[in-house]
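I opened my notebook for a fresh model today. Here is what I looked up, in the order that suited me.

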Amino acid sequence: DGEVIGVICVGQDITQINAMTLEQQLVADDLARLVDSANAPIFGVDINGLVNEWNKKAVSILGFDKDEAMGRHLVHTFIQPEDRKSVADVLHKALAGKETANYELPLLSKHGERYTILLNATTRRNGRGEITGVVGV
């Protein structure tokens with residue numbers, strides 16, 4: 001006859017899940033602070049070569065604030081024309097999973113000054129192991 005005669009509730013203790021989530025967030029925050037405060041320029045690009053990471057040392061060397069650098073094409077914006085092909089090749093290799101160590105990366109500052117930094121181009125992957133970009137240190 002459709003009359004409700006009771007309710008069944010099911011609960012689950014999520015205390016441990018919440019604690020693990022908090023711990024993961026703390027670790028992620030620590031890593032972000034480490035990257036941002038490192039005494040070496042660190043940048044990241046997505047699979048299209050657009051800047052998606054730019055630490056304080058990159059700001060101090062190149063003169064581009066993080067907001068100015070984010071979303072700009074690394075090779076076309078920060079590399080002098082005569083070096084763009086070789087830099088693009090290093091990034092393409094890293095995007096294919098072939099990392100490069102100790103590459104002399106020529107960079108162009110906001111004020112037209114040229115700098116050379118020693119770069120390790122490391123493939124960046126998501127949690128499923130899919131390539132999402134390159135990190136340069």
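**Notebook: burial, shape and charge**

I began with burial: 28% of the 137 residues in the protein chain are buried (under 20% relative accessible area, against over 50% for exposed and partly exposed in between, with a 1.4 Å probe and protein chains only). I note that this is a predicted model, where local features need pLDDT of at least 70, side-chain atom pairs count only at pLDDT 80 or more, and totals for chains, interfaces and linings use all residues. Residues are numbered from 1 along each chain as its sequence is written, and side-chain values use heavy atoms, leaving out hydrogens and water.

Next I checked the overall shape. The C-alpha atoms of the protein chain fill a box of roughly 80 × 30 × 25 Å along the principal axes.

Then I turned to charge. I found 14 positive and 19 negative side chains in the protein chain (Lys and Arg count as positive, Asp and Glu as negative, with His and the chain ends not counted).

My search of the whole structure gave 7 salt bridges (a side-chain nitrogen of Lys or Arg within 4 Å of a carboxyl oxygen of Asp or Glu). I wrote down three pairs, among them:

- Arg33 and Asp30 meet at 2.4 Å, N to O, and Asp30 is partly exposed at 45% relative accessibility.
- Glu82 and Arg114 meet at 2.5 Å, N to O. Glu82 is exposed at 54%, and Arg114 is exposed at 53%.
- Glu130 pairs with Arg128, their closest N and O atoms being 3.0 Å apart. Glu130 is partly exposed at 40%, whereas Arg128 is exposed at 67%.

Definitions and conventions: Charge placed at Lys NZ, Arg CZ, Asp CG, Glu CD.
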